[in-house]
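Q: Please take a close look at one helix of this structure. Describe how that helix sits among its surroundings, and then place it in the wider picture.

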Amino acid sequence: MNLIDRYVREVGKHLPAKSREDIEKELKSTLEDMIEDRIEQSGAARDEAMEIELLKEYGSPEKVAGTYYPNQYLIGPRMFPLFTMVLKIVGTVLSVLAIVGLTVGLGKVGFAGREFAQVLMQKVFEYVGIAITAFGNIVLVFAILERTLPDSEIKDLNPNEPWDPATLPDEEQPNAVKRGDLIAGVIFGFAGLIMLNFYPEIFGMPINFNDDENWYFIPVLSDAFFRFLPWINIVCLAQIGLDLYLIRQNTWSNISRVGKLLVESAGLAITITLLRIPNIIGFSPESFSNLPIQADDARAVMEILGYIFPFILVIVLIVQLIEIAKSAYGFWKVNYKMK
Amino acid sequence: MANSESLDNVVLELRRGVIVLAVLSQLSGEQYGYSLLKLLSDQGLEVDQGTLYPLLRRLEAQGLLESVWKLEEARPRRYYVISAEGRKLLPKLKKEWADIVSVMKKMLA
């Protein structure tokens, strides 16, 4: 097999089977024409050096094959709108089924004990598996359709809603205040303050033992946590005050941005301190002494809470970091980037 | 260097737009790929093989060209010729091109 045949075969390896033979045949014919042309022009005899020079000029097999199929998609632009639409529908249906299934499953075993943790983990893994399988199947079906359906069929399948320029978002106002978010912040801030200061016992865990109808409520937060209550109150009140000020002003200023950064940083400092304090949870084996629960189950509940509470604090910490980053970016954007 | 590359890219884009018209205009008679390449080159339009061959296949898939394999000089060659549909389209493309040239002449004057 000469160099040109080897080259043509190599190009063919990167081409789809349905057009491979045809393209290979035409490519070989072209290369032979080009060699012949060079022999005529130079008067030299055909040799391997001449073939090497020609093939170098023609380009690597991958590049040549790529010119025939420049955009090789698993799911191309013509199918993509329909693909995302189907994905959204299936995703919504699966999410609803997952929530219903999880609620029913947990309702059967109650919200306590090892069984609760087992069912929770089992259901989560089950639905993640189902979601991955569903996604894989949808991708597979669309990848097949991409390669088999003619354009005319695909045009009829795609959603073709008329586009309205009125739906374009308004011009970006970097100092605009989102009043709805602020009002919600004030309401939830006040609600949180009232609950923490006047009804601290409601921060706890409802537990149902032995699948009976009796539910028990065990407060979770310890005295160590409540020692920080004055600081939490100050930060919450500062946040509420700032939100009320912003609602009134209806625009961000440098003072309010710096104020927000300070309040959020203080909140972050409290969260970090709470994370570093041991015994922040008021649960102890004694908490179960008057309850109908086995010692093993009590330990399991404590273990779960030992993970859940720091986990919640870590999520709060991440949200606070994001908020600080957003505030800092807003400050920089208005004062430096836009000038 | 960067300017030279930018110029090359812009020239390539400009040429890409006219290759379809050039190819259709030269295929009133049968031509195989390499002979067409030389025909275009002889008239001053240099086209890369990597552009021409895929374009010929695309135009054939669109029904604007027809092709047939013929055995010549001991090797097969694929001959292309403009189809009936391509012949109908060509005058419209020519008019479009004339309009573009006229507009651009005014713009660049």
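A: The helix comes first here, and the two chains follow. The model is a predicted one.

The part chosen is helix α10 of chain A, which covers residues 229-249. Helix α10(A) holds 21 residues, and the distance from its first C-alpha to its last is 30 Å. That is close to the 30 Å expected at 1.5 Å a residue.

Consider next which residues of the helix are covered by their surroundings. A residue is called buried here if 20 or more other C-beta atoms lie within 10 Å of its own, and exposed if there are 12 or fewer. By this count, A:Ile232, A:Val235, A:Ile240, A:Asp243 and A:Leu246 are buried in α10(A). Seen down the helix axis, the buried residues of α10(A) fall within an arc of 135°, so they line one face of the helix. The general background is that an α-helix has 3.6 residues a turn, so residues three or four places apart point the same way.

The buried residues of α10(A) have two packing partners in chain A: α8 (179-198) and α11 (254-276). On the other side of α10(A), A:Pro230 and A:Arg248 are exposed. After the helix comes A:Asn250, which has a positive phi, near 60°.

Now the chain around the helix. Chain A contains twelve helices and two strands. Starting at the N terminus, its elements follow the order α-α-α-α-α-α-α-α-β-β-α-α-α-α. Of the 339 residues in chain A, 12% are buried. For contacts in chain A between residues at least 6 apart in sequence, 73% link residues at least 24 apart.

Chain A also touches chain B: twelve residues of chain A are in contact with eleven residues of chain B. On the chain A side, the elements giving two or more residues are α2 (17-42) and α4 (61-68). The largest share, seven residues, comes from α2(A). By type, the residues on this side of chain A are four nonpolar, four polar and four charged.

Chain B has four helices and three strands. Along the sequence, the pattern of chain B is α-β-α-α-β-β-α. Buried residues account for 19% of the 109 residues in chain B. In chain B, 44% of the contacts between residues at least 6 apart in sequence join residues at least 24 apart.

To return to the helix: α10(A) has its buried residues along one face, and those residues pack against α8 and α11 of chain A.

Key. Residues are numbered from 1 along each chain as its sequence is written. Chains are lettered from A and ligands numbered from 1 in the order in which they are written. This is a predicted model: local features need pLDDT of at least 70, side-chain atom pairs count only at pLDDT 80 or more; totals for chains, interfaces and linings use all residues. The expected span of a helix is 1.5 Å times one less than its number of residues. The arc is that of the directions from the helix axis to the C-beta atoms. Two residues are in contact if their C-beta atoms, placed from the backbone, lie within 7 Å. Ala, Val, Leu, Ile, Met, Phe, Trp, Tyr, Cys and Pro count as nonpolar, Asp, Glu, Lys and Arg as charged, and the others, Gly among them, as polar.
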